[in-house]
Amino acid sequence: MKFYEYLYQLYFIFKMMQNISNLVIFDLAFTGHHSTYIRYLIEYWIQQKKSENLHLVVSPEFLKRYPDILKLAARAKNTNIAIQSIELSEYSRYCACKVNKQFLKRVWYEFNLVYKYTKKLDASHCMLMYFDHFQVPLAFGLKAFCPISGIYFRPAFHYSHFQEQSFNWKERLKHYAQKRLLDRALRNSCIQNLFVLDRFSVPYIQQLVANTNIKQLADPVKLGIIDSQKLQEFRDNLGVEGSRKIFLQFGSLNFRKGIYQLLEAIHLLPNEIGNQVCFLLVGKAVESEKSKIEFELAKLSQSSPVQIIRCNEFVSEEEVPYYFNSADYVLAPYQKHVGMSGLVIQAAAAKKPILASNYGLIGQLVIEHKLGLTCNSASPLSISQCVQEALKTPKSNLIDFDKMQRFAQQNSSDIFAKQIFDSICI
């Protein structure tokens, strides 16, 4: 160990001996799972009546979009929770780097913000809710003010060990580069824990370096009891025609989620199948693709007997389980998606078969836990055939209800929060 590394470790030990317990959660993103993860951490903290100070450093946009989370923290008595945003000028600079696609400049600047706010709050530990892009400054030896942990979302260099996976030389080179970058980043002495949602990647990451705790992390969903009467009303309000089977596509509509392949697959369905199904598309189209998607939907409505229902409004967290429980099948035709997807857990929690891409982690989970069917999602024909196979196959042959239930329970929101706080609390 180099001399300065030794001094750095002594500094951390000294802070721990002082019993300073100011935990910082840092996350400037606010879409998708980011707000949900923060909500679950706050709820668990309140439930457990933690004595340490919990500081959440977020973006100004987060404060605007999620006043309910702010109220949740504010209502909590004697729980020592504080939510603050970075300064507007700092956020503007951060956004400018994103807009101009200045990746290196952005991650360097964001890491400096981590240092600034952990120092300002005299943090004893900092939890980075999205570790992936911090790898670059960490690999170059930048130090944090305190020990840090992080969630690593997108490991892919182990995908070659999955069945039915083949990669060209460019993909193999990319995997090699990803592995080397992670190896270098984990050698930074300020990293204490690395949480990964992909349990298959854990042994491969552990082979890289020995001084960081590599831990599998639950990808959380809120497990609760669904009101059967409310569910029936919810499904009735969707306006599904007759006894059509509902295929749910949930989340942002864009090329990465396979929306174009799905629409082409719907076009390929025979008319007798089209008359039996309804495709429920829940989520907003990204602005750059909105007109193209709407054009394809309009064209499809004129050429196919399939019913398509678009839900283009904001979906509250409370409504999410009702969409999944209303569906007969859940779709995930993602295009070479790397990492986990909460959609898989939501489908398992609702006990609905999922028709998913056979690529990467999602494909592996569907096979291992018998959650449904996989297909080559790059091929509209393959998706269309998968839909037809699902319709003619009894659900008891598509899924294993016991495995599905265990899989969902392993990814509860309480388990997620407990895993994190048990590791980072002094």
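## The outward face of helix H8

Trp169, Lys170, Leu173 and Arg184 are the exposed residues on the face of H8 turned away from its buried side. Here exposed means over 50% relative accessible area, buried means under 20%, and partly exposed is in between (1.4 Å probe, protein chains only). This is a predicted model, where local features need pLDDT of at least 70, side-chain atom pairs count only at pLDDT 80 or more, and totals for chains, interfaces and linings use all residues. Residues are numbered from 1 along each chain as its sequence is written, and side-chain values use heavy atoms, with hydrogens and water left out.

## H8 from end to end

H8 covers residues 169–186, 18 residues in total, and spans 26 Å from first C-alpha to last, close to the 26 Å expected at 1.5 Å a residue. That expected span is 1.5 Å times one less than the number of residues. Helices (H or I, at least four residues) and strands (E, at least two) are DSSP runs, numbered from the N terminus. At the N-terminal end, Asn168 acts as the cap, with a side-chain oxygen 3.1 Å from the backbone nitrogen of Lys170.

Now flip to the inside: Glu171, His175, Gln178, Leu182, Asp183, Ala185 and Leu186 are buried. Looking down the H8 axis, these buried residues fall within an arc of 165°, so they line one face of the helix. The arc is taken from the directions from the helix axis to the C-beta atoms. Among the elements covering them are helix H7 (135–139), strand S5 (148–152) and strand S6 (191–196).

## Salt bridges

Count a side-chain nitrogen of Lys or Arg within 4 Å of a carboxyl oxygen of Asp or Glu as a salt bridge, and you get 16 of them. One involves H8: Glu171 pairs with Lys336 at 2.4 Å, N to O. This pair ties together distant parts of the chain, 165 residues apart, with Lys336 in the loop between strand S11 (329–332) and helix H15 (342–349). Glu171 is buried at 15% relative accessible area, while Lys336 is partly exposed at 49%.

Glu368 and Arg199 make another, at 2.3 Å, N to O. They sit 169 residues apart, Glu368 in helix H16 (residues 360–368) and Arg199 in the loop between S6 and H9. For a local case, look at Arg65 and Glu61, whose closest N and O atoms are 3.2 Å apart; both belong to helix H3 (residues 60–65), 4 residues apart, or about one turn.

Notes
Contact means heavy atoms within 4.5 Å. A polar contact is a pair of N or O atoms within 3.5 Å; within protein, one must be able to donate a hydrogen and the other to accept it, and residues adjacent in sequence count only if both atoms are side-chain atoms.
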